Amino acid sequence: MKLFLLLLATTAFAADPVAVRLIPSTFELHRAGATQQLLLIAEYPDGSTQDLTDSAQWTPNAPAGQVTAATPGPIQVSATYGNLNATAAGRIETAAGPAEFRFRSAIGSIFTKRGCNSPACHGGVKGRGGLKLSAASLFPQDDYEWIVKGGEFQVLSAESKTARTPRINLQNPVESLLLRKATGATPHGGGKRFAVDSPEYQTITNWIQKGAPFGPPEDDTSRVTALEVYPKILALEKDQKHRLLVTAIMANGRREDVTAQALYLASDRQIATVAESGLVTPAALGETSILIRAAGQAAAVIVGVIGDPIANYPVVPKNNFIDEHISGKLRRLRILPAALSSDVEFLRRVCLDLTGTLPPPARVTEFVRSTDPKKRERVIDALIATPEFTDYWTFRFQDLFRVALFSNGINAKWSQMYGEWIRESIAKNKPYDRMAWERLSAQGYDGPTRHFLPYDVIGSPEETMAEEVRVFFGRRLECAQCHNHPYETWSQDQFWGLAAFFGRMFKMGDTGNEYVIFDHPLNEGMGNSEVNGKIQTLHPRTKAALTPTLLDGRVVPPSDKENPRKALADWMVQHPHFAEAAVNRVWAEFFGRGLVDPVDDFRSTNPATHPELLARLAAEFRRNGHDLRALMRLIVTSRTYQLSAETNPTNRADRVNYSHALPRPLLAEVLLDAIGQVTGVAERFTTTVTANGKVTQQTPAGTRAIQLREPDLFHSRFLDLYGRPNRLALPERSGKANLGQALNMLAGPIYNEKLAASEGRLQKLLASKATDEAILNDLYLTALGRTPDAAERQQILTALSAQPNRNEAWKDLFWAVLCSREFAENH
Amino acid sequence: MSRLAGRVAIILWTAALATPALAPEPNLQSVHPLAGRPGTTYQLTVTGTTLASLHSLAIDEPGVHARLLSATPDKMTVEISLDTSVTYGEKKLRAIGPQGITNAVSWHVVAEPIALEKPYLLLKAPLIVNGLLAEPGEADTFTLDAKQGQAFTFEAVSASPAFDPVVTLLEPAPESWFSPKSWKRLAFHDEDLFFPGLSTQARLTHIVQQAGQYRVQVTGFSGHGGPAASYYLRIRDGIAPLPLRHPVARPDWNPRSFVRQLGPDWLAQLHRRGGDEKTQPPPPARVPGSEDGTAILLVPAILEGRIAKPAQVHKAKLHLEQSLQIALEIETPEATLPEFNPIVSVFDSTGREVATNVHTKRNNNGLYMMKMIHAKTTFLLTPGDYTVQVRNITTDHGRSDFFYRVLLRAQVPHAGRIDFPDDRLNLAIGAARVITFQLDREEDFRDPVVATFTGLPPGVTVLPGADNPIERPPLPNAGRIERYTPKPQSFSLLLHVAEGTPLSASPAYPKLTVRPVRKGHFAAPILEKPIPLMIVAATP
């Protein structure tokens, strides 16, 4: 199959488009002078597309596809390329006259387009040179005041640092500091942003001459809620160019073309560049993204600069919709997927991913011999039903939910309570939204309440909220704690509004053994007056008392009779972010990276590699009642998951498109368990060691590393070396090799003592007088889930026969296998 | 300095010199096997420290005969014979040696057949299995044949508070793709609820869904094990009633516990502990709490009700004609902390909180508030109308057994809890020993309190003394701590053994008696406690 696919990869061939279409096919222009960018997209026989906007003949005349509102009424726009033609139906309504002046759209958009409000300039955390502008003009009222009233921005106060001096001059507009700086007439750290004769200069001058109005406040007709970009994923050949089409979605649902007002930034200009107009030009093979900012919003486009066409691109079998999305993009990017994994490759991978356990040799043999066409699905179902599945996913969620001694009140009983709640949830396949809801709203003394006791205290509202958002929404709001997020649309007010849901959390108790978690009533003192205490969360900048407010602006009125976090939990688990963050996190467990990666860093500047797949997975997850097992089954039954790790020339460099399996280092706990499995010597973990070295607490024999609850209670140098997190913060395992690991392999007790142990597998095999070939087979099947191939067998047996000491030779070979990447990685 | 004070000072000085002369006392830790059956004779091993020279036992349990067979520094072997008439339940055992008498350890007489642990022992209810997790990480595993629908109760009881057992029920895992002969966890129990005052014994109930062979496993919490990790496992048919998640009220006086009973004679008890035996106040009126808050309380009164639903708030009106030092006491007769955490607040007619059972303070660096819930608070109320409010601390929890009883009464000065830490006294010849008590003075109780021993052996004298006081700096940011704590007072007695006093062959049981003195008269004792005492040789 692999060879067959490779044969299909040929060099570029010329072809004519088979169809053309206009994007958008319908449009509306609501004011005189409004414009609409149209793109003429050609489709080719191999399914690829190309932007022909600049090569088409437009009727009526629309230079570079841009239509300008003039005469009211319907309009038909036609574009012709060769003998192909496409039309778009438009409607122009100019009864309202020219667009009503609004500061954001008229002036703020200039700041955006010219990069003035970018994070590197005045849109940064503290602004620049005393002037603070909101990112992409997200907060136009603030921007207006800093310009018209003047003043110097302060992070921790709403007051100006200096006396306010306007940055505009109403008497003599051209002498306005705003214009002089932007044109370079006055020294400006950001350099010249536009010329004196530019339209931007004229627009700002006119605005000042008219008294520098703000215009009517933002309403549903003007407030932009999202940006939509066409295309979301762009595959470009080396000699092609493609325009981007950016549409603002207003609060009232109306769509408005903002292609001309948007700011475009290419992440990697060595791969592709983008012009002010949104025209993308490829530079070199590879994949990058383009960030687009306009009207306070941001969006991104994935750009793949692709190689030569592949003739007769094969029809790749699809097991489910995951494969449709993955294959579709691979085809567009002209990448051939790897072949389907072999049975042994698949079995080892799926066992480790679903259960953290190596397949037993007998099962490997049985699976390989089976001719059942459904054997992969059957083994997946069998694995999901195993106790090992429960153990492994309890471990994974205990990592994520931070079960640890110091994270859960510094009381081992509490970390056990919390861990048991997770275990029961996994064992009973509790819907994930329910798990999240229970934790978010936990009150009283049950398992999930112990999450809120890091270091024996109630965590601060801002830290607690940021963690919940990161875990359940996959987003990092922390930046907005001190200032409006410089890259995203999160404001400091939003951050603190959300933090206020956790602002009344209290623990009742004093001794460290009896904390009951509750939400303090607002209107009852409960002794507060006796220490001059108030129950309120204050905005750090404005010092205003905060009311719990959801990210969508909905205020949840505080009540003494309601747990405020219930409303938050209700909202969070139903929010689209929740399901997409959950599926992305689970996806990453099986592929080593998320569709958005890192998994808890969803942002407009870090787009998903497969946004439509992510959306579909999230929808499916919701439809299945947030069933984690069903989600995992869906993923591992996909052909994408089951692709081989062996690459072909087209996909060798691919790390993000799932064209082949990526080897992933085993998690520290899984690796240690696997070593125990292969050597036949299980690890014993200790907790308390007295001063005289006497062990007083030890896990029962057979306890696996993945079954340990508290990483900060059970000592293991090996686990620490291989990246076991202490769970005092959200775990981030790097999986990177280090010198300590290398030394541990050479001289550490885990490898060497287990191999020498008389009760171990090797010594038993040697004592049983098994032949070298039998021992070799057993070692390979146990450790690698396969038998050695003929060359390996011959080389190893020859080498063994040359060794004077059979025992030592076998120990060396076992050691070599355990230290090999093939063993220490899932592939 | 008076002559008496001078003598006390001299004795304290000599006591200070003599104290090191007392050799380390023998201490018992745990017993294995932990349970015995009437009509049997068996050997048990008792672990502890400084046991080597023990020579006899002190056991005062009818129908129990015990003989010390051997002793080593950390272990002694005892033969126990139980008459058929012996009563079931917890028994105590002490041992005696030249260094004195030991503390008491508990063991049990049970009705069920008894087996000693062995791997995969077949359990047939009713049965008691005596077990020992001798090594850290050890797990004792037993076998259980069960029919479909059969119900079981398993209880693991430990011999020592330091050992916390865990019970796990395992079932075959034929579906385990990895190891079809393996066993998987079916049910698990550590303790019903981990909370101070509640038992840490494990209790697991299960109704078997499928006939077959199961396994029952006993382990120590977090892999605990060692020579003192002795336990018994009780297997019963059927689902035994769930024990209340309710701590047992201490037998001694503890007026600041949610589980003491505010019974009809409570006020009389308070007066008695204040030295006033004549006052027999009538029981306070009982007033039902309700959400409408129409009930009227006239002090003294008990407001009682059930917070049956989440966020339910009960209220009542309180009218006072004259200023009154109030004591507010709360009892939770059914569910209690941490499930039911009653918050009681008193609001004046403007809605201002004037009292609550929540003590709020700031932490030591003053950065954040800390809150503690109390079963009693005292405060002054001026004449007027008030609202008394009762609710659970969380808004998410309410249940029919969230039953509260709130007593509002005038303060009654009285002697509160008396802490006396020693459960035995080993005194060295020629040496003295200071025994320090702590007395809680409740509700501005100011009368004298006397404590003395009666029945001391010849040669032992008791004198008033003064121990080195523990100096605690005043707590900053402590809030109105005086409303939530009594005034503690320490006082000491000094026991001195004269030179030439004969060594004890067996313990004496002098009685410690504490009583208030009211208007120059001794009132009835508020504490009477016999304490085993032995006179031992001083260590050179």
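The expected span of a helix is 1.5 Å times one less than its number of residues. Helices (H or I, at least four residues) and strands (E, at least two) are DSSP runs, numbered from the N terminus. Helix H7 of chain A, residues 343-355, is a good place to try this out: its 13 residues should span 18 Å at 1.5 Å a residue, and its end C-alpha atoms are 17 Å apart, which agrees.

Before going on, please keep in mind that this is a predicted model, where local features need pLDDT of at least 70, side-chain atom pairs count only at pLDDT 80 or more, and totals for chains, interfaces and linings use all residues. Residues are numbered from 1 along each chain as its sequence is written, while chains are lettered from A and ligands numbered from 1 in the order in which they are written.

**Helix H7 and its surroundings**

A residue is called buried if 20 or more other C-beta atoms lie within 10 Å of its own, exposed if 12 or fewer, and partly exposed in between, with C-beta atoms placed from the backbone. By that count H7(A) is mostly covered, as 10 of its 13 residues are buried. Among them are Phe346(A), Leu347(A), Val350(A) and Leu352(A), and also the charged-type names Arg348(A), Arg349(A) and Asp353(A). Just after H7(A) comes Gly356(A), with a positive phi of about 65°.

**The nonpolar cores**

In soluble globular proteins, nonpolar side chains tend to be buried together. A nonpolar core here is a set of buried Ala, Val, Leu, Ile, Met, Phe, Trp, Tyr and Cys residues joined through C-beta atoms within 7 Å. The largest such core has 232 residues, and those with the most contacts inside it include Ile292(A), Val583(A) and Leu671(A) from chain A, and Val388(B) and Val406(B) from chain B. Strand E19 of chain A, residues 297-306, gives the most to this core, with 8 residues. Apart from it lies another core, of 68 residues, and Leu44(B), Val46(B), Val110(B) and Tyr231(B) are among its members.

Two residues are in contact if their C-beta atoms, placed from the backbone, lie within 7 Å. Leaving aside neighbours within four places in sequence, Leu671(A) is in contact with Leu666(A), Tyr722(A) and Ala824(A).

**Helix pairs in chain A**

Two packed helices are described by the angle between their axes and the distance between the axes. Axes are lines fitted to C-alpha atoms, for helices over the stretch in contact, and angles run from 0 to 180 degrees between N-to-C directions.

| Helix pair | Angle | Axis distance |
|---|---|---|
| H24(A) and H26(A) | about 20° | 11 Å |
| H2(A) and H5(A) | about 140° | 10 Å |
| H16(A) and H17(A) | about 105° | 8 Å |

Angles under 35 degrees count as roughly parallel, over 145 as roughly antiparallel, 65 to 115 as roughly perpendicular and the rest as oblique. With an angle of about 20°, H24(A) is therefore roughly parallel to H26(A). Ile775(A), Leu779(A) and Ala783(A) of H24(A) make the contact with Trp810(A), Phe814(A), Val817(A) and Leu818(A) of H26(A).

The pair H2(A) and H5(A) packs at about 140°, which makes H2(A) oblique to H5(A). Here Ala106(A), Ile107(A) and Ile110(A) of H2(A) meet Glu200(A), Thr203(A), Ile204(A) and Trp207(A) of H5(A).

H16(A) and H17(A) are roughly perpendicular to each other. On the H16(A) side the meeting residues include Pro576(A), Ala579(A) and Val583(A), and on the H17(A) side they include Leu614(A), Leu617(A) and Phe621(A). Val583(A) also appeared above, among the residues with the most contacts inside the largest core.

Asp627(A) is in the loop between H17 (611-623) and H18 (628-637) of chain A. This residue is partly exposed, with 18 other C-beta atoms within 10 Å. Not counting residues up to four places away in sequence, Asp627(A) touches Asn429(A) and Pro431(A).

**A look at chain B**

Chain B has 2 helices and 41 strands, and 40% of its 540 residues count as buried. Its C-alpha trace spans about 75 × 70 × 50 Å along the principal axes. Of the contacts between residues at least 6 apart in sequence, 70% join residues at least 24 apart.

Two loop residues offer examples. Leu456(B) sits between strands E35 (449-454) and E36 (460-465) and counts as partly exposed, with 18 C-beta neighbours inside 10 Å. Leu367(B), between strands E27 (358-362) and E28 (369-373), counts as exposed, with 9 such neighbours inside 10 Å.
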